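Please look over the structure shown here. The notes that follow go through helices, then strands.

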Amino acid sequence: MAVTTELESPASSESAERTRAGFVALIGAPNAGKSTLLNRLVGTKVAIVTHKVQTTRSVIRGIAMHAGAQVVFVDTPGIFVPKKRLEKAMVSTAWAQAADADITAVLIDARAGLDEAALALIDRLAESGARDKERVLILNKIDLVRRDALLAITAEANARLPFSRTFMVSATNGDGVDDLLTFFAGAMPEGPFLYPEDQVSDLPLRAIAAEVTREKLMLRLHQEVPYSATVETESWEEKRDGSVRISQVIFVERESHRKILLGKGGETIKQISIAARRELHHMLERKVHLFLFVKVREGWTDDPERYREMGLEFPK
């Protein structure tokens, strides 16, 4: 009896091994929900989320593996009209990342619709030199808006700037996010993976830990204090029992801000520490010893070194 064995052709073997990898820049006005969407796409928390505007300061890359593709999402600072030096650096960085990415994804808060900030962003993108790059429109928070309103926003946005695709999602509950990720994965250029397959962010753990503390600080405090504060992880010590000892410094610009951050009897900084330690314990899946110190660093927003640490270009 003759036995016939089919051998996989070199062409089909090569096709099976092909991989895709590329960058998607998420841009939008403050509070459009970019960080929430990034975390949802990646499947874990890599960016801090608060109800305050301008939460994201530096560029955060979240990495998702899907259907044989590695999609590197670039969460940029919200685009708005900058006034202070730090704000100018944030906005400049956001536009630079959009220009360098394979796909630019414009995120619109469907509740706000095409307000002044959204229209300014779309018009600026239309005027940019990246006309040959693929642009995708994403309407977020669709669970809070009527369908006819969503269709009207889509029509007006595409009339001002044609987008290759329009997606409607809810980053909070996940509606539409799987379809969005599938599209991005298929649109990535062929090539080797850019990061290890099990890596979810390019940020080191020390930086992620500092961002977690800054998130809790922003959620706890109000007015100008959160925006004049920055967090740096000074030390990270692995203990023999498997736990980790993390020492961080919160820098503020004024002594009055330091007193507000400490709170009466140290209660405010204590609550920030408890919340940050709880989240870090959940993220790292081990016991965390967190020690926070508050120091005054006058004029840190004018220090080029601080901008380099945040991955921002120091504006002249």
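How many Å should the 16 residues of helix H7 span? At 1.5 Å a residue, the 16 residues of H7 (residues 205-220) should span 22 Å, and the end C-alpha atoms lie 23 Å apart, which agrees. Bear in mind that this is a predicted model.

**Helices**

H4 can be checked in the same terms. Helix H4 covers residues 116-127, twelve residues in all. From first C-alpha to last, H4 reaches 16 Å, close to the 16 Å expected.

| Helix | Residues | Expected span | Distance between end C-alpha atoms |
|---|---|---|---|
| H4 | 116-127 | 16 Å | 16 Å |
| H7 | 205-220 | 22 Å | 23 Å |

Which residues of H4 are buried? They are Ala118, Leu119, Leu121, Ile122 and Leu125. Viewed down the H4 axis, these buried residues fall within an arc of 160°, so they line one face of the helix. An α-helix has 3.6 residues a turn, so residues three or four places apart point the same way. Glu116 and Glu127 are exposed, on the face of H4 turned away from its buried side.

H7 has its own buried set. It includes Ile208, Val212, Leu217 and Met218, and also the charged-name entries Glu211, Arg214, Glu215 and Lys216. What do the buried residues of H7 pack against? Their partners are strands S2, S7 (230-238), S8 (244-252) and S9 (288-296), along with helices H8 (255-262) and H9 (267-284).

**The open sheet**

Six strands make an open sheet with mixed pairing. Their order is S2-S3-S1-S4-S5-S6. Strands S2 (60-66) and S6 (165-168) stand at the edges with a single partner strand each, so one side of each has no neighbour in the sheet. From one strand to the next, the twist averages 25°.

Strands of a sheet pair through backbone hydrogen bonds, either parallel or antiparallel. S2 and S3 (residues 69-75) take the antiparallel sense, over seven bridges. Arginine 61 stands opposite valine 74 in S3.

Helix H6 (residues 177-187) lies across S1 (20-28), S2, S3, S4 (103-109), S5 (134-140) and S6. H6 runs at about 170° to S5.

**The S7-S8 hairpin**

How many residues lie between S7 and S8 in their hairpin? There are five. Glycine 242, in the turn, has a positive phi of about 95°. The two strands, S7 and S8, run antiparallel and are joined by eight bridges. One bridge pairs serine 235 with serine 247 in S8.

Technical notes
Residues numbered from 1 in each chain as written. Predicted model: local features only at pLDDT ≥ 70, side-chain atom pairs only at ≥ 80, totals over all residues. Heavy atoms only, no water. Helix = DSSP H or I, 4+ residues; strand = E, 2+ residues; numbered from the N terminus. Expected span 1.5 Å × (residues − 1). Buried < 20%, exposed > 50% of the residue type's maximum accessible area, 1.4 Å probe, protein only. Arc of directions from axis to C-beta. Pairing = 2+ DSSP bridges. Axes fitted to C-alpha atoms, helices over the stretch in contact; angles between N-to-C directions. Contact = heavy atoms within 4.5 Å.
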